[in-house]
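Student: Can we go through this one together? I'd like to practise reading a structure step by step.

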Amino acid sequence: MKSNTKKEIVSWILTIGLAFIIAMFIRTYVFELVDVPTGSMLNTIQLNDKFIELKFIYRFEPIKRGDIVVFKYPDDPSVSFVKRVIGIGGDTIEIKNGILYRNGKPVKEPYLKEPMNKNETFGPYKVPPNHYFMLGDNRNQSLDSRYWKNKYVSKDAIMGKIVFRIWPLSRFGSMIGK
């Protein structure tokens, strides 16, 4: 009887251990749940929305302008941010009189919460290779590349892409192309 009890306990320990290892693998390399506690991405992302961040996607496709990504904040890598990719390596980004220009052409941004302040003028910024220029969709209330000491996010600092909103249920759905 004691032998069967020991075998049962060992079986449970192995099963729980394996489940833990699988869960950690998925969270580290496949996807993670993310919440956004600030208003820097309004109206695209509301306060405390919950998302699935796909971690491995950039092994199979390039980071693109317009992607909403999770990354390590360049001025303090212990902090994660969620912003929109505006410029990729080689792009020149400039804001003149509240209008965003990429490579000398105005950028259409239907996702903005409101127009930028007309007095906003930044740049030009030349994005280095394998780096990205990030802006929040709520430009008038966003701590983003315009204000950071280290203006660009390296490819290595990008942890994943926001692909799906899971909460609240009233806005449940894909974030691709938002």
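**Walking through the chain**

Tutor: Sure. The chain's secondary structure comes to 1 helix and 12 strands, and keep in mind that this is a predicted model.

Student: What pattern does the chain follow along the sequence?

Tutor: We've got 1 helix and 12 strands to place. Reading along the sequence, the pattern is α-β-β-β-β-β-β-β-β-β-β-β-β.

Student: What radius of gyration does the chain have, next to a compact globule of 178 residues?

Tutor: Start with the spans: along its principal axes, the C-alpha trace covers about 80 × 35 × 25 Å. A compact globule of 178 residues would come out near 16 Å, but the radius of gyration of this chain is 21 Å.

Student: How much of the chain is buried?

Tutor: Count a residue as buried if its relative accessible area is under 20%. Among the 178 residues of the chain, the buried share is 39%.

Student: Okay, strands next. Is strand S3 largely enclosed or not enclosed by the rest of the structure?

Tutor: S3 covers residues 68–72, and 4 of these 5 residues are buried. So, as far as the rest of the structure goes, S3 is largely enclosed.

Student: Which residue stands opposite Val70 in S4?

Tutor: Strands of a sheet pair through backbone hydrogen bonds, either parallel or antiparallel. S3 and S4 (residues 80–88) go for the antiparallel sense, over 5 bridges. Opposite Val70, in S4, stands Val82.

Student: And which residue of S11 stands opposite Phe71?

Tutor: S3 is also joined to S11 (residues 158–167), with 3 bridges and an antiparallel run. The residue of S11 opposite Phe71 is Ile158.

Student: There's an open sheet with the order S7-S6-S5-S8. Which strands stand at its edges?

Tutor: That sheet has 4 strands with antiparallel pairing, in the order S7-S6-S5-S8. An edge strand here has a single partner strand, so one side of it is left without a neighbour in the sheet. The two at the edges are S7 (105–106) and S8 (122–126).

Student: Which residue in S7 is the bridge partner of Tyr101?

Tutor: S6 (residues 99–102) and S7 run antiparallel, joined by 2 bridges. For Tyr101, the bridge partner in S7 is Pro106.

Student: Where does UniProt place the feature "active site"?

Tutor: This comes from the UniProt record, and the entry is unreviewed. The two positions span 44 residues in sequence, yet their C-alpha atoms are no more than 7.9 Å apart, so they gather at one spot. UniProt puts the feature at Ser40 and Lys83.

Student: Is Ser40 buried or exposed?

Tutor: Ser40 is found in the loop between S1 (31–36) and S2 (49–54). Its relative accessibility is 7%, so Ser40 counts as buried.

Student: What relative accessible area does Lys83 have?

Tutor: Lys83 is found in strand S4. Leaving aside neighbours within four places in sequence, Lys83 is in contact with residues including Asp67, Phe71, Met134 and Asp144. Lys83 is buried, and its relative accessible area is 3%.

Student: Last one: what distance is given for the polar contact between the side chains of Ser40 and Lys83?

Tutor: Ser40 touches several residues more than four places away in sequence, among them Val82, Lys83, Asn138 and Ser142. With Lys83, there's a polar contact from side chain to side chain, and its distance is 2.9 Å.

Technical notes: Residues numbered from 1 in each chain as written. Predicted model: local features only at pLDDT ≥ 70, side-chain atom pairs only at ≥ 80, totals over all residues. Heavy atoms only, no water. Buried < 20%, exposed > 50% of the residue type's maximum accessible area, 1.4 Å probe, protein only. Pairing = 2+ DSSP bridges. UniProt positions renumbered as here; feature names shortened; annotations may be inferred. Contact = heavy atoms within 4.5 Å. Polar contact = N/O pair within 3.5 Å; in protein donor to acceptor, adjacent residues only side chain to side chain. Rg over C-alpha atoms; globule rule 2.2 N^0.38 Å.
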